[in-house]
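Work through the exercises below with the sequence and the structure in view. Try each task before reading its solution.

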Amino acid sequence: MAYPRKYSHDFIDATIQQVTALRDSGHRGPITAVARELNLDRRLVQEWISKTRTPSATPPAPPDPPPPQPAEDPAPALLPAELLHCRTCQQPMTNTRDGNRLVYQCPGNCRRHGLDAVVVADTLGRAILRHAPAIVTAPGQPKSTNLAAAQAGRILARVTAGSTATDLRFTWRTVPAPTPGQPGPAFAERLRSARALAGTDPQRARETLREALATADPTTTEPTHADAAHLYAELLTRLGNPAAAIRWAGSARHSRAHLHGPSARSTLAAVHTLATAHRQAGHHQRAYHAYRHLADQLTATAGPDAHPTLVIQATLALVLRDLGHCGAARRLLANTITAHRRTCPHHPATARMLHHLHEMWQHCAQREHDHPDIELGTADEQRQHGQTGAKNVWRSVGHVSGR
């Protein structure tokens, strides 16, 4: 291509060196910048760079990319009216435009800048995916935070905004709002349905409770939620999933203790379910502490010789055997059998306790264990040395288990 002017080799070399220096410094579009500065045609400078064979030359530079276009933020999920409130003025916040951004602002203009709607939706979506992922239903698609935030009105009763878009406080619904056009059963109705199915179809009862609990706040202390969590833990334990049952049994125990006190019958039932789940999951040390706490509570409320107390003591003896303390387990179970025969004669539970004690004797005999303190006397003779032999056994076990 012919150009109207001729340039010396020194000028061409200096131009190439200037382009190379700008490129090495990270400058975007060095060829265009040098051509504009020297009032040259950009194509001419590009040709010099391509044809030069001098040591200072570099491989041909690619054409300058087009100027970047401003990226558009994805449209955030908008929250329902009256859901987001300002912490300062307690008024509901509405969405509005601030330049190119979509923000939430309160009517009283308590803040200089509105809350970025993209950040608000992301914060809400992360909280919903963490606590109630089942609320997001998108078959075949990943569960995004924006998709979760679109369901905020169903699972959240109120969102209070602080000074920043990530400073949000949530008030969860106990019962999820129905999907528009698809009204669902109330939480209490699902609980009643699950109770009716628990005896005949436990798997269906489990699924009914799973769907209901997936949309409820796990930290709530509402009585209906506590009852559902306890029944769900019982079903999971029966169906062979004790690891999952532990979480729900612990939640039910916490809620019922807060509502009714640590010694209430419903609270102790949740403790019993938690201990059973720990034992089935192989967490023998945790099961031991849960059963011992339960036995202490029953001793204080029902009495040391009541049938529920003695049954838990017998189970505690089995956990001690699982922990390897067979001597302490045999002493506790023998004392429990003696007390149960006296207070509950002819009760079928005594036969089951004797069966377990016989298994412990066989276990020790097969492994040639030496327990001279057990063979010194009968259980009745051991009970004469204290008011309750079980408490003496617990003291020795507490020393062995690190209590």
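**Exercise 1. Contacts of a histidine**

Task: Find the residues in contact with H230, leaving aside its neighbours within four places in sequence.

Solution.
- Step 1. Contact means heavy atoms within 4.5 Å. Once its neighbours within four places in sequence are left aside, H230 is in contact with A252, R256, A269, A270 and T273.
- Step 2. Some notes on the source: this is a predicted model, in which local features need pLDDT of at least 70 and side-chain atom pairs count only at pLDDT 80 or more, while totals for chains, interfaces and linings use all residues. Residues are numbered from 1 along each chain as its sequence is written, and side-chain values use heavy atoms, with hydrogens and water left out.
- Step 3. H230 lies in helix α9. Helices (H or I, at least four residues) and strands (E, at least two) are DSSP runs, numbered from the N terminus.
- Step 4. Buried means under 20% relative accessible area, exposed over 50%, and partly exposed in between (1.4 Å probe, protein chains only). With a relative accessible area of 7%, H230 is therefore buried.

**Exercise 2. Two helices that cross**

Task: Describe how α9 and α11 are placed relative to each other.

Solution.
- Step 1. Two packed helices are described by the angle between their axes and the distance between the axes.
- Step 2. Axes are lines fitted to C-alpha atoms, for helices over the stretch in contact, and angles run from 0 to 180 degrees between N-to-C directions. The axes of α9 (residues 223-238) and α11 (residues 265-280) come within 10 Å and cross at roughly 25°.
- Step 3. Angles under 35 degrees count as roughly parallel, over 145 as roughly antiparallel, 65 to 115 as roughly perpendicular and the rest as oblique. The pair α9 and α11 is therefore roughly parallel.
- Step 4. A crossing is left-handed if the near helix is turned anticlockwise from the far one by less than a right angle, and right-handed if clockwise. For α9 and α11 the crossing is left-handed.
- Step 5. On the α9 side, the contact is made by H230, A233, E234 and T237; on the α11 side, by A269, A270, T273, T276, A277 and Q280.
- Step 6. Ala, Val, Leu, Ile, Met, Phe, Trp, Tyr, Cys and Pro count as nonpolar, Asp, Glu, Lys and Arg as charged, and the others, Gly among them, as polar. The contact of α9 with α11 thus has four nonpolar, five polar and one charged residue.

**Exercise 3. A second helix pair**

Task: Is α13 roughly parallel or roughly antiparallel to α14?

Solution.
- Step 1. The axes of α13 (residues 307-322) and α14 come within 8 Å and cross at roughly 160°.
- Step 2. α13 is therefore roughly antiparallel to α14.
- Step 3. The crossing of α13 past α14 is left-handed.
- Step 4. Residues of α13 that meet α14 include L310, A314 and A317, and those of α14 include A329, L332 and T336.
- Step 5. By class, the residues of this contact of α13 with α14 are ten nonpolar, five polar and one charged.

**Exercise 4. An antiparallel sheet**

Task: In what order do the three strands of the sheet with β3 stand, and which of them are at the edges?

Solution.
- Step 1. Two strands pair if DSSP finds at least two bridges between them. β2 (residues 94-98) and β3 pair in the antiparallel sense over five bridges, and D98 has R101 in β3 as its bridge partner.
- Step 2. β3 also pairs with β4 (residues 115-116), in the antiparallel sense over two bridges. Here Y104 has L115 in β4 as its bridge partner, and N95 stands opposite Y104.
- Step 3. The three strands form an open sheet in the order β2-β3-β4. β2 and β4 stand at the edges with a single partner strand each, so one side of each is left without a neighbour in the sheet.
- Step 4. Four of the five residues of β3 (residues 101-105) are buried, so β3 is largely enclosed by the rest of the structure.
- Step 5. Two residues lie between the strands in the hairpin of β2 and β3, where G99 takes a positive phi near 75°.

**Exercise 5. Positive phi in two loops**

Task: Are Q90 and H346 exposed or partly exposed?

Solution.
- Step 1. Q90 lies in the loop between β1 (84-86) and β2, and its phi is near 60°. At 44% relative accessibility, Q90 counts as partly exposed.
- Step 2. H346 lies in the loop between α14 (326-343) and α15 (348-366), and has a positive phi of about 65° although it is not a glycine. At 82% relative accessibility, H346 counts as exposed.
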